[in-house]
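Colleague: Please take a close look at one part of this protein, the annotated binding site and the helices that follow it. I would like one connected account.

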Amino acid sequence: MAPGATFVELTPAVESDAGGIFNTKRDGKALEALSDDIDAVNILKPSITTTGNSTEKGLYEESEFDKSKDKSQFRQYTTACDRVKNFYHEQHTKQTVAYNLQARNKFHSTTRARMSVWQAIEKLNTLIDESDPDTSLSQIEHLLQSAEAIRRDGKPRWMQLTGLIHDLGKLLYFFDAQGQWDVVGDTFPVGCAFDERIIYGRESFKSNPDFGHEVFDNGLGIYFPGIGLDNVMISWGHDEYLYHVVKDQSTLPDEALAMIRYHSFYPWHNAGAYEELMNEKDREMLRAVRAFNPYDLYSKSDDLPKVEELKAYYEELIDEYFPEKIINW
Ligand SMILES: [Fe+2]
Ligand SMILES: [Fe+2]
């Protein structure tokens with residue numbers, strides 16, 4: 001437990017009708033456009049030369065970009081960079097220890113909705129609004145493409161299901177999220193020093209109240225060496241939220257939970273940070289997350305899945321790992 005943490009008394013869980021509790025004023029399309037930009041940066045980042053630990057330099061210096069990359073990709077990248085940089089400024093300013101304790105407290109004290117996993121997929125799809133064909137895949141298409149790519153490669157059934165559900169935490173945006181910054185984007189631990197390997201580096205945390213804090217921004221902070229990531233607060237967003245939903249209500253294995261919880265944890269699974277916090281289990285989980293990541297990032301150019309044809313297969317798969325048909329969100 002973090003120093004100074006306070007908890008209010010929990011209120012009883014509310015059983016909500018799945019239709020009436022969503023904040024439909026939220027702009028799902030804008031969230032998805034941003035999410036695509038974040039992906040674009042994560043996809044194209046490796047093709048940019050970086051020096052030292054900082055990604056700041058490589059992200060903005062055109063001269064270091066691989067000129068053989070196709071031009072539309074480059075345009076997408078530079079446009080994405082501006083929006084993404086503004087987004088991370090806000091995210092890195094507001095993801096504090098205090099906010100994370102509050103978000104977890106709220107999560108455990110409320111049931112936001114009750115619906116099946118497939119209903120949640122359809123709900124997310126509707127809320128995000130697929131009506132703009134230029135921008136991106138619909139949510140249901142992205143989820144099915146990830147799952148189908150995993151299935152085509154002959155991976156285990158639990159991993160196919162993980163592909164199918166991994167972004168369902170974005171529903172958070174339509175429940176009680178404060179903005180886009182506590183739903184999408186790369187994640188990082190709070191309660192220990194902000195690592196230079198987080199996108200845009202330590203510099204980008206300068207306005208965060210925890211920046212320079214004698215405990216929260218000092219070495220391992222509230223943690224100790226080898227504590228294990230299960231005991232570390234990862235910044236609140238769609239990964240962390242879905243992880244908690246699925247951990248308590250499915251029989252999915254630890255590897256699946258790790259794929260869900262850490263899929264946006266780029267400083268860890270991609271840049272090798274936070275080694276000191278890891279335990280034996282985390283080392284295994286890291287391999288699992290790395291095995292999963294390409295199916296999230298690179299399946300988007302595959303053929304469009306036919307939802308109606310695939311629905312029966314995946315509904316059976318959902319039933320296999322979720323003992324209760326209707327679950328708490
Ligand atoms: Fe995601
Ligand atoms: Fe995804």
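Modeller: What follows goes from the overall fold to the annotated positions and then to the helices. The model is a predicted one.

The protein has 12 helices and two strands. Along the sequence they are ordered α-α-α-α-β-α-α-α-α-α-α-α-α-β. Of the 329 residues in the protein, 41% are buried. Among contacts with a separation of 6 or more, 80% are between residues 24 or more positions apart.

Now the annotated positions. An unreviewed UniProt entry gives the feature "binding site" at R75, D129, E130, S131, K170, G185, D186, H263 and S264. Two of these positions, K170 and D186, can be described in detail. K170 sits in the loop between helix 7 (157-165) and helix 8, and D186 is also placed in the loop between helix 7 and helix 8. K170 has 24 C-beta neighbours inside 10 Å and therefore counts as buried. D186 is buried as well, because 24 C-beta atoms lie inside 10 Å of its own; the cut-off for a buried residue is 20 or more.

Their contacts, with neighbours within four places in sequence left aside, are as follows. K170 is in contact with L124, V183 and H238. H238 belongs to helix 8, which covers residues 238-249. D186 is in contact with I199, S264, Y266 and P267. Of these, S264 is itself listed in the UniProt "binding site" feature, while Y266 and P267 fall in helix 10 (266-269).

Next, the helix pair. Helix 8 (residues 238-249) packs against helix 9 (residues 254-262) at an angle of about 155°, with the axes 7 Å apart. The two helices are therefore roughly antiparallel to each other, as angles over 145 degrees are classed that way. Helix 8 contributes D239, E240, L242, Y243, V246 and K247 to the contact, and helix 9 contributes L257, I260, R261 and Y262. By class, the contact has six nonpolar, four charged and no polar residues.

Helix 9 also takes part in covering helix 11. Helix 11 (residues 280-297) has 18 residues and spans 27 Å from its first C-alpha to its last, close to the expected 26 Å. Its buried residues are D282, M285, A288, V289, F292, Y295 and D296. An α-helix has 3.6 residues a turn, so residues three or four places apart point the same way. The cover over the buried residues of helix 11 includes helix 6 (139-152), helix 7, helix 9 and helix 10.

Key:
Residues are numbered from 1 along each chain as its sequence is written. Chains are lettered from A and ligands numbered from 1 in the order in which they are written. This is a predicted model: local features need pLDDT of at least 70, side-chain atom pairs count only at pLDDT 80 or more; totals for chains, interfaces and linings use all residues. Axes are lines fitted to C-alpha atoms, for helices over the stretch in contact, and angles run from 0 to 180 degrees between N-to-C directions. Angles under 35 degrees count as roughly parallel, over 145 as roughly antiparallel, 65 to 115 as roughly perpendicular and the rest as oblique. Two residues are in contact if their C-beta atoms, placed from the backbone, lie within 7 Å. Ala, Val, Leu, Ile, Met, Phe, Trp, Tyr, Cys and Pro count as nonpolar, Asp, Glu, Lys and Arg as charged, and the others, Gly among them, as polar. UniProt positions are given in the numbering used here, feature names are shortened, and annotations may be inferred rather than shown by experiment. A residue is buried if 20 or more other C-beta atoms lie within 10 Å of its own, exposed if 12 or fewer, and partly exposed in between; C-beta atoms are placed from the backbone. The expected span of a helix is 1.5 Å times one less than its number of residues.
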